[in-house]
Amino acid sequence: MPFNRLNHSILGKIRPRFYLKSMTPSDELKAKVLKGLEKDKTVVGQISSDLILLKIPKVQQHYWSPELTVRFETNEYIDFTRVCCLAGPNQTVWLMFTFIYAFIGLATLFAGMFGMVKYSTSGATGWLWSIPIGILLISTIFVSAKIGQKKGRDQTLHLVSFLYHALAEKGSVEWVERR
């Protein structure tokens, strides 16, 4: 595993959804994460019955700060615990970008349709400018999201590194390639 608490260098991109595998039961893994949260004050966590939500402390958070959602899965057919992880921005940031994309996309679609009707009936081309303007706005939002991803990369690596080191403290944890 290429994660180190002090050196966050990793080749390639961080996958937002990844899986770990451990032979330790899920209750013990949750206890290890709790113990790690007590030791390491650079990560805060919220724990519910099935999920653990790991975040950066409020003092160090910025708009693009990530969250790491961790779920432990076990069943009677497998003899290991599968740790399902999802790294991404705060849920309000996800929702805001979804609304922005939807609003710009729908406004461009309807304004473009109206422009095509105006052009075919009267030859007016003013509304047709909504199509390139909408494409430009969506491209701008996409680029700003990519910039935010890069800004939160080190914190994402820190959260993943914390989780991996907390789980692997007294036992083996394997990275499961997704197929």
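**View 1. Strands E1 and E5 of the predicted model, joined by six bridges.** Strand E1, made up of residues 17-22, runs antiparallel to strand E5, which covers residues 81-89, and six bridges join the two. Within this pairing, Leu 20 stands opposite Val 83, a residue of E5.

**View 2. Strands E1 and E6, paired in the antiparallel sense.** Strand E1 also pairs with strand E6, which is formed by residues 173-176, and four bridges connect them in the antiparallel sense. Here Lys 21 has Glu 174 in E6 as its bridge partner.

**View 3. The order of helices and strands along the chain.** The secondary structure comprises four helices and six strands, and, read from the N terminus, these elements follow one another as β-α-β-β-β-β-α-α-α-β. The chain is more spread out than a compact globule, because its radius of gyration of 22 Å is well over the 16 Å that the globule rule gives for 179 residues. Along the principal axes, the C-alpha trace spans about 75 × 40 × 30 Å.

**View 4. Burial, contacts and surface of the chain.** Of the 179 residues, 32% count as buried, while 59% of the contacts with a separation of 6 or more are accounted for by residues 24 or more positions apart. The chain exposes about 11,800 Å², and carbon and sulfur atoms supply 63% of this area.

**View 5. Positive and negative side chains.** The chain carries 22 positive and 13 negative side chains, and the centres of these two sets lie 10 Å apart.

Methods: Residues are numbered from 1 along each chain as its sequence is written. This is a predicted model: local features need pLDDT of at least 70, side-chain atom pairs count only at pLDDT 80 or more; totals for chains, interfaces and linings use all residues. Side-chain values use heavy atoms; hydrogens and water are left out. The radius of gyration is taken over C-alpha atoms; the globule rule is 2.2 Å times the number of residues to the power 0.38. Buried means under 20% relative accessible area, exposed over 50%, partly exposed in between (1.4 Å probe, protein chains only). Contact means heavy atoms within 4.5 Å. Accessible areas come from the Shrake-Rupley method with a 1.4 Å probe; for residues, only the protein chains shown count as cover. Lys and Arg count as positive and Asp and Glu as negative; His and the chain ends are not counted. The place of a charge is taken as NZ of Lys, CZ of Arg, CG of Asp or CD of Glu. Two strands pair if DSSP finds at least two bridges between them.
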